[in-house]
Amino acid sequence: ASVRVADVTVKVSAAKTPHLVPHAFAAAGSPAPPQHLRWMAQKEALGQDVLLIGPPGGQKRQLALRWAEVAGREVESLALSSDTTEA
């Protein structure tokens with residue numbers, strides 16, 4: 001299967017754990033800017049990692065969840081803080 005975002009097509013495979021793939025996320029919040037999803041699709045097609053940098057807030061998380069929904073990727077969250085240790 002494949003996903004097309006603007007002029008970029010990305011091959012995707014079925015999720016091994018479909019219950020971890022976000023569903024109806026776009027309807028729950030504001031839509032992700034198409035240019036950001038296109039950039040993420042380009043990175044996916046090239047096999048490159050993505051690092052989202054921005055001000056505090058949930059926009060980076062929303063964008064990541066929206067991409068996961070579009071591409072059928074599993075998502076797991078881990079909260080980190082200054083109190084988080086390696087143990």
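Biologist: What comes right after α3, and what is its phi?

Modeller: Helix α3 is followed by G72, and the phi of G72 is positive, near 70 degrees. Keep in mind as we go that this is a predicted model.

Biologist: Which residue follows α2, and what is its phi?

Modeller: There it is G47, again with a positive phi, near 75 degrees. A positive phi also turns up in the hairpin of β1 and β2, where A6 takes a value near 55 degrees. That hairpin has two residues between its strands.

Biologist: Let me step back for a moment. How many helices and strands does the chain have, and what pattern do they follow?

Modeller: You will find three helices and two strands. Reading along the sequence, you meet them as β-β-α-α-α. The C-alpha atoms fill a box of roughly 45 × 30 × 30 Å along the principal axes.

Biologist: Now the strands. How many bridges join β1 to β2, and do they run parallel or antiparallel?

Modeller: Strand pairing is read from bridges, and a pair needs at least two of them. Here β1, residues 2–5, and β2 are joined by four bridges and run antiparallel. To see the register, find V5, which stands opposite V8 in β2.

Biologist: Which residues of β2 are on the covered face, and which on the uncovered one?

Modeller: Strand β2 spans residues 8–11. V8 and V10 form its covered face, while T9 and K11 form the uncovered one.

Biologist: On to the helices. How does the reach of α3 compare with the expected one?

Modeller: The idea is to allow 1.5 Å for each step from one residue to the next, so the expected span is 1.5 Å times one less than the number of residues. Helix α3, residues 59–71, has 13 residues and reaches 18 Å from its first C-alpha to its last, close to the 18 Å expected. Helix α2 also has 13 residues and reaches 18 Å, again close to the expected 18 Å.

Biologist: Which residues of α2 are buried?

Modeller: A residue counts as buried when its relative accessible area is under 20%. In α2 that picks out L37, M40 and A41. Seen down the axis of α2, these buried residues fall within an arc of 105 degrees, so they line one face of the helix. The face turned away from that buried side carries the exposed residues Q35 and L46.

Biologist: What do the buried residues of α2 pack against?

Modeller: They pack against β1, β2 and α3. In α3 the buried residues are L63, L65, W67, A68, E69 and A71. For the chain as a whole, 20% of its 87 residues count as buried.

Biologist: Which residues make up the largest nonpolar core?

Modeller: A core of this kind is a set of buried nonpolar residues linked through their side chains. The largest one has twelve residues in all: V3, V5, V8, V10, V12, A32, L37, M40, A41, L63, W67 and A71. The elements that give two or more residues to this core are β1, β2, α2 and α3. Take V12 as a case to explore: beyond its neighbours within four places in sequence, V12 is in contact with A1, S2, V3, A71 and R73.

Biologist: And how many salt bridges are there?

Modeller: The test is a side-chain nitrogen of Lys or Arg within 4 Å of a carboxyl oxygen of Asp or Glu. By that rule the count is three. One of them joins D7 and R38, at 2.7 Å from N to O. D7 lies in the loop between β1 and β2 and R38 in α2, so this pair ties together parts that are 31 residues apart in sequence. D7 is partly exposed at 49% relative accessible area, and R38 is partly exposed at 28%.

Biologist: Where do E44 and R73 lie, the partners in another salt bridge?

Modeller: Their side chains meet at 2.1 Å, N to O. E44 lies in α2 and R73 in the segment after α3, so the pair ties together parts 29 residues apart in sequence. E44 is partly exposed at 27%, as is R73 at 24%.

Biologist: How far apart in the helix are E69 and R66?

Modeller: Both lie in α3, three residues apart, about one turn of the helix. Their side chains form a salt bridge at 3.2 Å, N to O. R66 is partly exposed at 22%, whereas E69 is among the buried residues of α3.

Definitions and conventions. Residues are numbered from 1 along each chain as its sequence is written. This is a predicted model: local features need pLDDT of at least 70, side-chain atom pairs count only at pLDDT 80 or more; totals for chains, interfaces and linings use all residues. Side-chain values use heavy atoms; hydrogens and water are left out. Buried means under 20% relative accessible area, exposed over 50%, partly exposed in between (1.4 Å probe, protein chains only). The arc is that of the directions from the helix axis to the C-beta atoms. Contact means heavy atoms within 4.5 Å. A nonpolar core is a set of buried Ala, Val, Leu, Ile, Met, Phe, Trp, Tyr and Cys residues joined through side-chain atoms within 4.5 Å.
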